[in-house]
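The exercises below are to be worked through with the structure in view. Try each task before reading its solution.

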Amino acid sequence: MEPNVNNNPKMLEKKWLSTALNVRSQGLGSETIVFAHGYGTDQSIWDKITPSFAENYRVVLFDWPFSGAVKDPSLYDPLKYTSLEAFADEFITLMDQMDLKVVTFVGHSMSGMIGCLASIKRPELFKRLILLGASPRYINTDDYEGGFTSSDIEQLLQNIESNYENWVSAFSLLVVDPNDEPSVNKFRECLKRMRAEVAASLAKTVFYSDYRDILDKVETPCTIIQTSSDIVVPHNAAVYMKNKIKGKVTLEFVDTKGHFPQLTAWLQLVDVIKGVLG
């Protein structure tokens, strides 16, 4: 007899989270790769590269609650998501509800640190972490280069709050290779779908975060993937992570400009990830 989902709160909850976060699963491999998008985007940011992995792996994609692709705006509660830990907890819940373990986690941008946090809490869920354009801290200190000054971030937040449309256009050209117009447009469209108030509150959570002190607790094998020139994450921040992460860690480079190699140099990125997966 089929279980009655409607009478079973646990089944309902299971269904609810994966439905709410638009979970999609492709491929039939015995190993699972989960792709987690970053700030301002949604799972479609991976569209160019996922077909290359669906042949041999089970590929899982989802949208974070802040994403413009999520239908229920109440899912993003700015009071809940004042730190990346809340996202890590949400991800762990999703993994448990989907009965996933020992996955390869590919986290772009802010999702890199979310993966690190989740791996510390529940190491058995992860086989390896692939951190794409990730950073433990975005603001410079005396002895650390994060890429931004405090006033840079204040200005960024002011621009988001004062004229979101203008900021979306300017920020897209700044963080994606401006010579790659389709990729700039892709990020711009994703960013536009995100509500301005969500963009502002999440930017505070991300850009004021500092997770340098958790790196030496990350024991899951890691690969850090960096582009040759990324205004969001300077080379030194990637090297800092490589030196501080406790587990086995390698640093790989993709020869492209900007923060989105999955758009601007996707074939190269596929090769790098396939090399990591062996």
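**Exercise 1. Find how strand β4 pairs with strand β5, and place the two in their sheet.**

Begin with the pair itself: strand β4 (residues 103-108) and strand β5 (residues 126-132) run in the parallel sense and are joined over 6 bridges. Strands and helices here are DSSP runs numbered from the N terminus, with at least two residues (E) for a strand and at least four (H or I) for a helix, and two strands count as paired if DSSP finds at least two bridges between them. One of these bridges can be located by its residues, since Val103 has Phe126 in β5 as its bridge partner.

Before going further, note that this is a predicted model, in which local features need pLDDT of at least 70 and side-chain atom pairs count only at pLDDT 80 or more, while totals for chains, interfaces and linings use all residues. Residues are numbered from 1 along each chain as its sequence is written, and side-chain values use heavy atoms, with hydrogens and water left out.

Now widen the view to the sheet, which is open, has mixed pairing and holds 7 strands in the order β1-β3-β2-β4-β5-β6-β7. The edges are taken by β1 (24-26) and β7 (249-257), each of which has a single partner strand, so one side of each is left without a neighbour in the sheet. From one strand to the next, the twist averages 20 degrees.

**Exercise 2. Follow the sheet from β5 to β7, and then from β1 to β2.**

Step one goes from β5 to β6, which run parallel and are joined by 4 bridges; here Leu131 stands opposite Ile224 in β6. Step two goes from β6 to β7, a pairing in the parallel sense over 7 bridges, in which Ile225 stands opposite Glu252 in β7. Strand β6 is largely enclosed by the rest of the structure, because 6 of its 8 residues are buried, where buried means under 20% relative accessible area, exposed means over 50%, and partly exposed lies in between (1.4 Å probe, protein chains only).

Step three turns to β1, which pairs with strand β3 (residues 58-61) in the antiparallel sense over 3 bridges, with Arg24 opposite Leu61 in β3. Step four joins β2 to β3, which run parallel with 4 bridges between them, and there Leu61 in β3 is the bridge partner of Phe35.

**Exercise 3. Describe how helices α3 and α4 pack against each other.**

Two packed helices are described by the angle between their axes and the distance between the axes. For helix α3 (residues 84-97) and helix α4 (residues 110-121), the axes come within 8 Å and cross at roughly 65 degrees; axes are lines fitted to C-alpha atoms, for helices over the stretch in contact, and angles run from 0 to 180 degrees between N-to-C directions.

Next, list the residues that meet, taking contact to be heavy atoms within 4.5 Å: on the α3 side they include Leu84, Phe87 and Phe91, and on the α4 side they include Met113, Ile114 and Leu117. By class, this contact has 10 nonpolar, no polar and 3 charged residues; Ala, Val, Leu, Ile, Met, Phe, Trp, Tyr, Cys and Pro count as nonpolar, Asp, Glu, Lys and Arg as charged, and the others, Gly among them, as polar.

**Exercise 4. Which residues in loops have a positive phi, and are they buried or exposed?**

Most residues other than glycine have a negative phi. Asn22, although it is not a glycine, has a positive phi of about 55 degrees, and it lies in the loop between α1 (9-20) and β1. With 18% relative accessibility, Asn22 counts as buried.

The loop between α3 and β4 holds Val102, whose phi is near 50 degrees, again a positive value in a residue other than glycine. Val102 counts as partly exposed at 47% relative accessibility.

**Exercise 5. Locate Arg212 and list its contacts.**

Arg212 belongs to the loop between α8 (196-207) and β6, and its relative accessibility of 22% makes it partly exposed. Leaving aside neighbours within four places in sequence, Arg212 is in contact with Pro136, Arg137, Thr141, Tyr144 and Tyr240. By contrast, Arg212 and Ile49 are 30 Å apart in space, C-alpha to C-alpha, and 163 residues apart in sequence.
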